[in-house]
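Work through the exercises below with the model open. Try each task before reading its solution.

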Amino acid sequence: MFNFLILLIFILVSVAFFTLFEVKGLGSFHLRLGPDKSFFLGSFQPFADFMKLFSKSSVFIVYYYYFLYFFSPCLGVFLSFLVWINYFSFSSFFSFSFGVLFFFFISSLSVFYLLFSGLFSGSIFSKLGSFRAAAQSISYEVSMIFMFMSFVFFFSSFSLLKIFNFGWGVYFFLLNFPLFFCWFFSCLAETGRSPFDFMEGESELVSGFNTEYFSEFFIFIFLSEYSFIVFLCFLTSYFMGMGFYFLSVFLLGGVFVWVRASFPRFRFDMMMDFCWSFLLFFVLFCVFFCYNFSV
């Protein structure tokens with residue numbers, strides 16, 4: 001239990017400094033400084049933003065469902081922390097034999113957090129944003145499950161720790177680079193990152209499902225999104241070879257920022273058409289190939 005509490009502290013610190021790394025990286029891409037006033041080179045900027053959000057006054061909205069409105073962000077941050085129970089290390093709090101299924105079970109439940117946040121805010125903009133976010137998350141999660149299953153067939157195990165031990169130093173993304181590329185695309189879409197950031201499309205949805213959230217509730221939403229991004233970076237770095245594990249996590253975080261700074265947003269219909277018309281069929285073909293190869 002103590003190991004898991006230490007892990008949660010590191011998650012919070014990682015999310016804080018990942019946001020700092022993102023804004024500094026975006027500043028470099030845009031040829032500007034970024035935050036540089038808080039302590040040395042703006043290193044305390046995440047904590048300053050945290051204190052600013054928590055010190056904001058509360059606003060009482062008339063048309064919302066009180067309990068479910070406050071419960072939705074708490075559900076999101078709870079699920080984002082719960083998925084880290086499945087973190088594959090030698091000192092894990094739990095060691096699941098079906099860790100892969102547990103990961104996708106938790107990521108599937110996050111759809112309810114998106115729906116509840118929009119539906120029970122009492123705003124038509126939040127409701128439209130929640131429908132769009134749920135459709136995007138469910139669509140790309142189907143492809144993510146099949147993509148991960150193609151690697152599970154090589155080990156005949158659903159345990160992430162067992163796959164971790166067997167795959168030390170093996171560069172799996174070289175075995176099927178197009179499938180790894182599709183996995184990274186799906187990670188961007190699942191977390192609502194550019195160019196698939198339709199969960200919080202500011203120009204057409206007025207910030208999407210979290211329009212009516214403020215202060216500490218917005219912190220919970222922000223924390224749940226970024227902690228899940230960090231976990232996906234850890235999980236994706238496994239496919240890049242465990243010999244450079246932490247370096248690959250850092251590089252993947254940089255790629256997330258690079259993609260956001262470089263590519264424009266897709267249209268929503270193009271994104272959904274890409275998922276159901278091309279990506280799913282390609283992934284099913286790869287799963288069929290990997291299954292026959294493993295047998």
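**Exercise 1. Place Leu31 and describe its backbone and exposure.**

Leu31 sits in the loop that joins α1 (2-29) to α2 (45-54). Helices here are DSSP runs of H or I with at least four residues, strands are E runs of at least two, and both are numbered from the N terminus. Next, take the backbone: phi of Leu31 is near 60°, a positive value in a residue other than glycine. Then take the surface: Leu31 has a relative accessible area of 80%, so it is exposed. The cut-offs are under 20% for buried, over 50% for exposed and partly exposed in between, with a 1.4 Å probe and protein chains only.

A note on the source: this is a predicted model, where local features need pLDDT of at least 70 and side-chain atom pairs pLDDT 80 or more, while totals for chains, interfaces and linings use all residues. Residues are numbered from 1 along each chain as its sequence is written, and side-chain values use heavy atoms, without hydrogens and water.

**Exercise 2. Find the peptide bond from Ser194 to Pro195 and state whether it is cis or trans.**

Go to the loop between α7 (177-190) and α8 (202-205), where Pro195 is found. Read omega: the value is near 0°, and the bond is cis.

**Exercise 3. Describe the surroundings of Ser227.**

Start with the element: Ser227 belongs to helix α9 (residues 215-239). Check burial: Ser227 counts as buried because its relative accessibility is 0%. Look for a polar partner: a polar atom of the Ser227 side chain lies 3.1 Å from the backbone oxygen of Ser224. List the contacts (heavy atoms within 4.5 Å). Leaving out residues up to four places away in sequence, Ser227 touches Ile11, Val15, Ser80 and Trp84.

**Exercise 4. Characterise the largest cavity.**

Count first: the whole structure holds three cavities of 30 Å³ or more. A cavity is a set of points on a 1 Å grid over the protein atoms alone where a 1.4 Å probe fits but cannot get out; lining residues have an atom within 4 Å of a point. Points are joined across faces, edges and corners, and volume is the space filled by probe spheres set on them. The largest cavity has a volume of about 230 Å³. Its lining has 16 residues, and Ser110, Tyr113, Ser224, Glu225 and Phe228 are the closest to its centre. Now assign elements: α3 (66-82), α4 (99-119) and α9 each supply at least two lining residues. The largest share, five residues, comes from α4.

Terms used. A polar contact is a pair of N or O atoms within 3.5 Å; within protein, one must be able to donate a hydrogen and the other to accept it, and residues adjacent in sequence count only if both atoms are side-chain atoms. On a 1 Å grid over the protein atoms alone, a cavity is a set of points where a 1.4 Å probe fits but cannot get out, and a pocket is an open set with protein on both sides within 12 Å along at least five of seven lines; lining residues have an atom within 4 Å of a point.
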